[in-house]
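Student: I would like to learn how to read the packing in a model. Where should we begin?

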Amino acid sequence: MLGFNRRLAALEKEGGCIRVGLVGAGQMGRGLISQIEGMKGMSVVITADLFPENVKAAYRKAGVPDNRITETQDLDKADKAIASGHSVVTTDAELIPQLTNVDVIVDATGMPEIGAKVAWEAIRHKKHIVMLNVEADVTIGPLLKQQADEAGVVYTGSAGDEPGAIMELHDFADALGFEIIALGKGKNNALNVHANPDTARAEAALKGASPKMLASFQDGTKTMVEMTAVANATGFVPDIPGMHGRKAQLAELPGLFSLTEKGGMLNRTQIVDYVDGVAPGVFAIISSSMQEVHDTMKYLKMGQGPHYVLYRPYHLTSLETPLSIARAYLQQEATIAPYYGMVAETVAVAKKQLKAGEAMDGIGGFSAYGKIVSATEKRKFNALPIGLIGPHIRLIKDVEQGAIITLEDVEFTEQTTIVRLREHMDNWK
């Protein structure tokens with residue numbers, strides 16, 4: 001990311017600006033608007049949300065005066081308002097890709113179905129797309145990347161999101177020729193696969209968060225999805241289904257992430273995992289075949305080897321997203337993307353006994369949690385990807401609590417956008 005400050009300043013000095021269209025004015029979207037408002041060479045020119053007052057409040061908090069905020073659902077009026085320096089508010093997300101005066105689109109909804117629509121339309125209209133929506137990426141990301149490549153635009157995950165932060169460590173170590181043993185993240189709450197909106201409600205109220213969103217963190221789905229995105233970007237896979245998820249401190253990681261015959265827990269290297277105890281950080285476990293490198297690492301107080309940990313103790317979520325916007329626009333490069341296709345998947349596991357005839361709810365709900373598995377294991381079980389779950393799925397068989405839900409267990413009562421794209425991706429593959 002070095003040099004973007006100077007390039008953005010130069011762009012602004014020359015009268016240019018990266019015009020950003022945003023979908024979603026929740027916590028992530030609001031933070032993004034305020035962060036960009038303080039930057040050079042970039043502006044959120046239009047934001048779509050079902051609740052326009054949320055968008056207006058976000059612009060006001062970012063210092064945009066009311067007389068520079070325009071609400072409209074009309075294409076021509078929106079383009080003219082942006083050209084005159086106004087920030088546009090709309091409830092119609094499908095308007096944004098059609099605008100001449102938008103360069104990069106950000107999906108900050110976190111909802112797989114909406115993310116699928118936003119990304120597909122952005123690519124179709126030849127706009128760069130930044131996904132703050134890992135759930136959509138791990139479900140149809142390879143297809144979206146293929147389509148973006150063919151359209152000559154960038155499809156990318158976001159800096160600041162944990163997969164993006166892990167990818168930066170990976171690329172740093174890989175470029176320097178280190179052997180990368182493992183990539184991972186900290187989990188900042190104990191794993192509870194039975195968590196649901198009811199059990200998460202009290203804590204969510206204290207944190208000002210959505211109970212459903214918090215439940216998706218507690219039941220592990222979010223962690224599984226994030227590490228699936230890392231797997232598909234790097235070719236690394238989980239060592240075991242669901243990953244090890246050990247409790248450990250930072251100093252213990254080099255030994256823990258060693259092969260079993262060396263006293264560690266791993267059956268193989270080049271794996272993804274998570275650790276309870278190092279949140280909110282992300283890490284890479286690295287080694288080298290060169291003795292001189294080991295000697296230097298010891299001199300630099302990186303440990304006794306042969307494994308060392310690169311650790312980043314923060315990730316700023318949507319506040320870092322502008323770096324991915326700039327990278328896509330200025331360098332036509334992704335921060336993170338599924339370069340290896342689907343080497344891993346997050347599949348749906350029953351949270352409770354599910355009965356034939358029941359409709360499923362979504363991620364963070366009462367029906368299912370996610371578990372990362374290799375693509376080979378996903379095909380073996382013919383498992384249902386977690387990103388497809390929702391009320392458009394009905395159980396046609398009973399499923400025991402804790403069992404992987406298979407595609408033979410369900411039927412789709414509606415062909416939603418993400419379902420259609422996933423089916424197309426499977427046929428394409």
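**Cores and a helix pair**

Tutor: With the core: in soluble globular proteins, nonpolar side chains tend to be buried together. This is a predicted model. Its largest nonpolar core has 52 residues, of which Ile46, Ile129 and Ile405 touch the most other members.

Student: Which helix gives the most to this core?

Tutor: Helix H6, residues 134-151, with 8 residues.

Student: What does Ile46 touch, not counting residues up to four places away in sequence?

Tutor: Val20, Gly21, Leu22, Tyr59, Ile82, Val88, Thr90, Leu95, Ile96, Leu99 and Val102. A separate, second core has 27 residues, including Met42, Val89, Val104 and Leu330.

Student: What does the UniProt record place at residues 24-152?

Tutor: The unreviewed UniProt entry gives the feature "domain: Aspartate/homoserine dehydrogenase NAD-binding" there. In the model, residues 24-152 are 47% helix and 17% strand, with the end C-alpha atoms 25 Å apart.

Student: Now a helix pair. At what angle do H7 and H10 pack?

Tutor: A pair is read from its angle, its axis separation and its contacting residues. Helix H7 (residues 162-175) packs against helix H10 (residues 221-234) at about 35 degrees, and their axes are 9 Å apart. The crossing of H7 past H10 is right-handed.

Student: Which residues make the contact?

Tutor: From H7, they are Glu162, Pro163, Ile166, Met167 and His170. H10 contributes Glu226, Met227, Ala229, Val230, Ala233 and Thr234.

Student: How many residues of each class does the contact of H7 with H10 have?

Tutor: The count is 7 nonpolar, 2 polar and 2 charged residues.

Terms used: Residues numbered from 1 in each chain as written. Predicted model: local features only at pLDDT ≥ 70, side-chain atom pairs only at ≥ 80, totals over all residues. Heavy atoms only, no water. Axes fitted to C-alpha atoms, helices over the stretch in contact; angles between N-to-C directions. Helix = DSSP H or I, 4+ residues; strand = E, 2+ residues; numbered from the N terminus. Left-handed = near helix turned anticlockwise from the far one by under 90°. Contact = heavy atoms within 4.5 Å. Nonpolar A, V, L, I, M, F, W, Y, C, P; charged D, E, K, R; others polar. Core = buried A, V, L, I, M, F, W, Y, C linked by side-chain atoms within 4.5 Å. Buried < 20%, exposed > 50% of the residue type's maximum accessible area, 1.4 Å probe, protein only. UniProt positions renumbered as here; feature names shortened; annotations may be inferred.
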